[in-house]
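Please walk through the fold of this protein with its bound ligand, beginning inside the sheet and working outwards.

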Amino acid sequence: MSGAAEHVPVLAEAVVAWLAVRPEGVYVDATAGLGGHSALIAERLGGGGRLVALDRDPDAVAQACARLKRYSQASVHHANYGEMLETLVRLGVSPVDGVLLDAGLSSRQLNSAERGFSFQADGPLDMRMDPTRGMTAGEYLAWVPEAELAAVLRRYGDIGPAKRIARAIVRRRESGGLHRTSDLMAAVGAGLDFVRGVPEEVRTVFQAIRIAVNEELRWLEAGLRQSVRLLKPGGRLVVISFHSGEDRVVKRIFQEMSRPQRELERDGRIRKVIPPILRVLTPKPVLPDAEEVRENPRAKSAKLRAAEKLTAGGE
Ligand SMILES: C[S@@+](CC[C@H](N)C(=O)[O-])C[C@H]1O[C@@H](n2cnc3c(N)ncnc32)[C@H](O)[C@@H]1O
């Protein structure tokens, strides 16, 4: 299977429609992945248009580069979208007409056993989206205090028996046997030894640890704020999330920026009212239809939200 065929872009038509791509516009795809959405944007650009695609995973950058090489308006860069502003300013590309952020993992990352994201294939406990920096999942699990691990499992995985699982993981690390995805799976099984077969919590344990290792929600918030700063008035921000924690961050920032902000004096009097920066275009998230979910089960939990920038700035 070719790299490009491994990941089907989610909500593709909705992305193009909500971004309102114009041939002479300048766009950022903050999560290039396999370049699926980027290709759809690049196809719609004329000679004066530009697409800058980013990804924190060097393998995704290579895949997207190969996919987009036929579009002279497109370039792909290795960068965390939490550092988007700095990256775009360095490239001399700002302000922009639209930013797309399609959060989470690509199917290619999930399906590569050696990346350690999946409980369905044995591999090293890595889970870093950017393997050139940061702690691996194995290093994280060797260090994290038990109570913090339980909190992470509850917060990012909505896991009920989080304490039992955290205790079992810590027991396994103390016996020196926590190096591979199969070890983590065995630890979850030992913590839930009353469950027959593979406990359903395994999937959410892997998800929660991945979110923690990659500090995904912190970067998402930074990426959204920087996207708004980069947009021209009238520019569009389109975000796809796959997890309730991600969607809560998107919703909170959209709500915050679409309300007037008050600057207060020390005594509580209002010094200045700052008009809203964003207009939310999707009061409810856009979801994939049944046909898309049938053809691409990964789309099942996708939620798209879009907003338009109203004024200059966006601090
Ligand atoms: C769902 S995939 C994107 C798929 C892409 N839209 C396509 O059509 O092929 C998400 C991508 O975002 C990247 N990613 C996740 N967090 C990131 C971050 N903070 N900065 C940059 N890229 C990130 C992942 O490495 C992954 O390649």
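In this predicted model, Asp29 is joined to strand β4 through its bridge partner there, Leu100. The bridge belongs to the pairing of β1 (residues 26-29) with β4, which is parallel and runs over 3 bridges. Leu100 also has a bridge partner in β5, namely Val238. That second pairing, between β4 and β5, is again parallel in sense and comprises 6 bridges. Strand β4 spans residues 96-102, and 7 of its 7 residues are buried, so the strand is largely enclosed by the rest of the structure. The cut-off behind this statement is 20 or more other C-beta atoms within 10 Å of a residue's own.

Beyond β5 the sense of pairing is antiparallel: β5 (residues 231-241) and β9 (residues 303-309) are linked by 6 bridges. One position to look at is Arg236, whose bridge partner in β9 is Glu308.

These pairings are part of an open sheet of 7 strands, ordered β3-β2-β1-β4-β5-β9-β8, with mixed pairing. At its edges lie β3 (74-78) and β8 (278-280), each of which pairs on one side only. From one strand to the next, the twist averages 20 degrees. Helix α3 (residues 58-68) packs on the sheet, where it touches β2 and β3. The direction of α3 makes about 170 degrees with that of β3. In general, side chains of a regular strand alternate between the two faces of the sheet.

Where does the ligand fit into this picture? Its shell consists of 22 residues, and the closest of them are Pro9, Thr31, Gly33, Gly36 and Asp57. Strand β2 (50-55) and helix α2 (36-43) each supply at least two residues of the shell. Sorted by class, the shell around the ligand holds 10 polar, 8 nonpolar and 4 charged residues.

Another part of the chain to examine is helix α9. Which residues of α9 (residues 181-191) are buried? They are Thr181, Leu184, Ala187, Val188 and Gly191. Because these residues cover an arc of only 120 degrees around the axis, they sit on the same side of α9. The spacing follows a general rule: an α-helix has 3.6 residues a turn, so residues three or four places apart point the same way. The partners of this buried side are two other helices, since the buried residues of α9 pack against α8 (162-174) and α10 (201-213).

Key:
Residues are numbered from 1 along each chain as its sequence is written. This is a predicted model: local features need pLDDT of at least 70, side-chain atom pairs count only at pLDDT 80 or more; totals for chains, interfaces and linings use all residues. A residue is near a molecule or strand if its C-beta atom, placed from the backbone, lies within 6 Å of it. Helices (H or I, at least four residues) and strands (E, at least two) are DSSP runs, numbered from the N terminus. Ala, Val, Leu, Ile, Met, Phe, Trp, Tyr, Cys and Pro count as nonpolar, Asp, Glu, Lys and Arg as charged, and the others, Gly among them, as polar. Two strands pair if DSSP finds at least two bridges between them. Axes are lines fitted to C-alpha atoms, for helices over the stretch in contact, and angles run from 0 to 180 degrees between N-to-C directions. Two residues are in contact if their C-beta atoms, placed from the backbone, lie within 7 Å. A residue is buried if 20 or more other C-beta atoms lie within 10 Å of its own, exposed if 12 or fewer, and partly exposed in between; C-beta atoms are placed from the backbone. The arc is that of the directions from the helix axis to the C-beta atoms.
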